[in-house]
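Let's take a walk through this one together, starting inside one chain and working outwards. Keep the viewer open as you read.

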Amino acid sequence: MPKKRSVKIISLLVLLTFFSCLFYGCSKDNDNTAKASKPESKKTADVIRLAGGNYGYLSPYAHYPRGPGSFKMRLIFDSLLEKDEKGYIPWLAEKYESKENGKQYLFTIRDNVKWHDGKPLTAEDVKFSFKYACKHPMVSSSISQNDIEKVEIVGDRQVLVTVKKPSAVMLGNLGTTRIIPKHIWENVDNPKEFLDEEAVIGCGPYILTDYSKEHGTYRFEAFKDYWGPKQRVKVIEFIPVSEAILAFEQGEIDMTSVTPDVLPRFENDPQYKIVESPAFWGYRMIFNMGETPVFRQKEFRQAICYALDKDDLIEKVQRGAGVPGSAGVLPPGHIMYNPNVKQYDHSIEKAVELLEKLGYDKLKNGVRVNSKGEKLSFNLLVGGEVRLAEVIKEHLGKAGIEINVQSVDGKTRDARVNENKYQLAITGHGGWGNDADYLRERFSDDTTSSGSISPNMARFKGYSKPELSQLLEKQFETIDENERKKQIFEAQELLAEDVPEIALFYTISYYVYKPEKYDGWMFMFDHHSLEHSKLSYLERD
Amino acid sequence: MSRHSIQLLDAKQKITQFTFHEVYQKFISLGHKIWVKIACFFNKFSIPGKAGLIGLSLIFLIALLAPWIAGHSPRVSSGPPLIPPAWPHILGTDELGVDLWAQICYGARVSLLVGISTALLAGLVGGAVGIISGYIGGWVDKIIMRLVDIMIVLPDLPVMIVLAAFFGPSLVNIILVLALFSWVSPARIVRSQVLMLKEQNYIKAAEIYGASPWYLLWKHFLPELLPILVVNMIRLTGRAIVAEASLSFLGLGDPTSRSWGLIIHHATSFKGIYYTDFWKWWLFYPWLFLMLMVVSLAFISRDLERIADPRLGKK
């Protein structure tokens, strides 16, 4: 008797699973009945929900050093300048000027700015923030004691910053440093461990009202006494989502990015709007030249460039939504991109030729060895991008280079890359559209490093090419934009020849949202994500 | 079982006394006898059980013959990515252009390897622990049984996830972690059986005549315990295969191996797969084979249980 029942239950379960699978495909034709009302220009939204994830506590010192962390923190903390589609715009500073050929910057701080706790923001807070950020580098600040000579308060609303060396990037670095309240932080000696509620009091448009580390949820509420443009979104919530597209279709989240395969579903449907992102998020492969002598050979790195078929990578891993990496590192969309650098078109023959020149002329079980019996067999560390690693393994395998894939989770990979604990590694991150000065952070051995731990700055510590370093240090101090562009062009040529790292590809995302619900989304001039822009949530002229 | 082996022994003894031709004849008839035995054994199964046996042997064949029937490499791409099933890719390809049929053939090896080695490891260790605990008794028994209680109370999947993440992704670690959580049920079953056997008169008699524990174990306990243990191990195999698939599905298996769970993992982590047609082959076929294997094992173990323990068989 129980046996019969169990057979019935099993067969029922099998049938159920089968049919539920069948119906997955059918949910396609559900809500295609969009109301064709004309969109108003200034739409406001009560709640906007987006896909969450834990990116740490949102103080300028505690958040996780990746885009989704930094930009959530920036909703709470304002800076002197902000980014719009074209460039920097005055923000907490209503005016700014550079003096004495870039040696000094004079910021005029806005009046009537309030902290979330009601106290007024003064020039004193700005001065304190710069000093404090120099002493304790914030997660995403790029100023250090090596840059700033002194900070003075002029009059009651002006701050004069004197830098040690005039530089084209200094304005951006100062302008994007978060301003923190002096009355809260002045007694904090260990900012990384300061995780009180007070640590998230800023002067930005939103207040953090809820954060759950376990669920990866955040809730932001508009700050009523905000000095600046009115918030168009009253509440922003980041919620856990398992299948983003499903959640978006069911209205659980209000924006998502979709792959090219799913794109036709939203195209030609008036209720959806699709925006293509600039290709400023990319993957690169880095070499630990300290441990593995053969990585120090330029020819070896070039051989890997030739062996990799970047178009195939994009086709398979990105489903075609990507731009092949430039050997000069800067992506083609970058304002200082040099289109004439040496590029390595996929060619196994050239790769093999270079490897043979290095002495790896024998094949043993498909792996190249040299006369000393040293095998070209390496560990490749990835942070979950197993499929990408598998394609790379296949490509390099054709040239006789054996790859063992080590997959860890993303945060472990980031940590190991920062500690030089890898042989080969792949890291993917945004920020490729940032000021070209990140080349200096990555490749100059004369490290005046800001102490920032952003993955965009992560590099193999120990790479040294004096010619390149000199050039990159020089561009840092060049004020004239055309002159600087020339130097960056030249640096890209050196990079393309020496390939200390390989930019694999830059990804293109397709963001989909319903303009009916909210349409304020915008891209910052150097960034790949809609939801990361502060101006996406604010009223604009 | 034991009568069968005696017959075999008899046959062997007779063989030595005959000429070559007769040996040949005997050999044929022996083969026939074995075949009849297998057929008899097969006939003892119910219809689902027979279907299970056929299904399982099919999967065994696929795993054994993988290099010859796969047709493509399971590791490198052999066609355009994500093409639907069509010649020469009879089950289509995944997003890297790797043939799915080849992956399923080689994946059968991984699934069987994990299933069988976990079951063997857990069955042998569990069986040994059960015998020790049941035979020696006393405080040893108490300690082991409390340990078993603890293992039963522990929720296995969460702990397996933690352990697998801690030891790092590799097939051996997966097998060890699975075995760690599987030895409990054979241990308990074997122990209760040993406790029951210990009280039997013929065992007592043997003990009085001075039989050593070793002799008792080989001559009396093992023949009685083995069928039960085998049934249990088959059940463990099915469980281990599913557990391996779920650990791989969660991304804790060897990331570049080609197990069925991992194919499913890659398919489901493909963004928006349910909005495309790709799931119809990329997700469906590995799922189908996994189902086939697990259901076959379940049917077989159900019937074996009945055959091994005649009390259950009476309808």
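A good place to start is helix 8 of chain A, residues 298–307, which is mostly covered, with eight of its 10 residues buried. The buried ones are F300(A), R301(A), Q302(A), A303(A), I304(A), C305(A), Y306(A) and A307(A). Keep in mind that this is a predicted model. What do those buried residues pack against? Their partners are strand 13 (281–287), helix 10 (348–357), helix 11 and strand 20 (501–507), which belong to chain A too.

Now zoom out to the whole of chain A. Its secondary structure comes to 15 helices and 21 strands. The radius of gyration is 26 Å, close to the 24 Å that the globule rule gives for 541 residues, so chain A is as compact as a globular protein of that length. If you box in its C-alpha atoms along the principal axes, you get roughly 75 × 75 × 45 Å. Of the 541 residues, 46% count as buried. Contacts across the sequence are plentiful in this chain: take the contacts with a separation of 6 or more, and 70% of them are between residues 24 or more positions apart.

How is chain A divided into domains? Domain 1 is pieced together from 43–76, 204–277 and 510–541, while domain 2 covers 78–200 and domain 3 covers 281–507. The C-alpha centres of domains 2 and 3 of chain A lie 34 Å apart. Their contact takes 16 residues from domain 2 and 14 residues from domain 3. On the domain 2 side of that contact, the residues divide into six nonpolar, nine polar and one charged.

There's a backbone detail in chain A to look at before moving on. For context, most residues other than glycine have a negative phi. N420(A) has a positive phi of about 60 degrees, and it is not a glycine. You'll find N420(A) in the loop between helix 12 (410–418) and strand 19 (424–429) of chain A. Is N420(A) buried or partly exposed? N420(A) has 16 other C-beta atoms within 10 Å, so it counts as partly exposed; the cut-off for buried is 20 or more.

Next, follow chain A to where it meets chain B. The contact takes 16 residues from chain A and 15 residues from chain B. On the chain A side, helix 9 (310–317), helix 11 (386–398) and strand 18 (402–407) each supply at least two residues. Helix 11 of chain A gives the largest share of that side, five residues. You've met helix 11 already, as one of the elements that the buried residues of helix 8 of chain A pack against. By class, the chain A side of the contact has seven nonpolar, two polar and seven charged residues.

Over to chain B, which has 15 helices and zero strands. Its C-alpha trace spans about 75 × 60 × 35 Å along the principal axes. Of its 315 residues, 38% count as buried. Among the contacts in chain B between residues at least 6 apart in sequence, 68% join residues at least 24 apart. The domain assignment gives domain 1 (1–43) and domain 2 (47–313), and 33 Å separate the centres of these two domains of chain B.

For a closer look at helix packing, pick out helix 5 (residues 100–136) and helix 9 (residues 184–198) of chain B. Their axes are 7 Å apart, at an angle of about 35 degrees, and the crossing is right-handed. Helix 5 of chain B brings residues including G123(B), G126(B), G127(B), G130(B) and G134(B) to the contact. From helix 9 of chain B come, among them, V184(B), A187(B), I189(B), V190(B), V194(B) and L195(B). Taken by class, this helix contact has 11 nonpolar, six polar and three charged residues.

Finally, step back to the loop between helix 4 (66–69) and helix 5 of chain B, where P88(B) sits. The peptide bond from W87(B) to P88(B) is cis, with omega near 0 degrees. L82(B) is found in the loop between helix 4 and helix 5 of chain B as well. Phi of L82(B) is near 55 degrees, a positive value in a residue other than glycine. Is L82(B) buried or exposed? L82(B) has 21 C-beta neighbours inside 10 Å, so it counts as buried.

Terms used: Residues are numbered from 1 along each chain as its sequence is written. Chains are lettered from A and ligands numbered from 1 in the order in which they are written. This is a predicted model: local features need pLDDT of at least 70, side-chain atom pairs count only at pLDDT 80 or more; totals for chains, interfaces and linings use all residues. Two residues are in contact if their C-beta atoms, placed from the backbone, lie within 7 Å. Helices (H or I, at least four residues) and strands (E, at least two) are DSSP runs, numbered from the N terminus. Ala, Val, Leu, Ile, Met, Phe, Trp, Tyr, Cys and Pro count as nonpolar, Asp, Glu, Lys and Arg as charged, and the others, Gly among them, as polar. The radius of gyration is taken over C-alpha atoms; the globule rule is 2.2 Å times the number of residues to the power 0.38. A residue is buried if 20 or more other C-beta atoms lie within 10 Å of its own, exposed if 12 or fewer, and partly exposed in between; C-beta atoms are placed from the backbone. Axes are lines fitted to C-alpha atoms, for helices over the stretch in contact, and angles run from 0 to 180 degrees between N-to-C directions. A crossing is left-handed if the near helix is turned anticlockwise from the far one by less than a right angle, and right-handed if clockwise. Domain bounds come from an automatic or database domain assignment.
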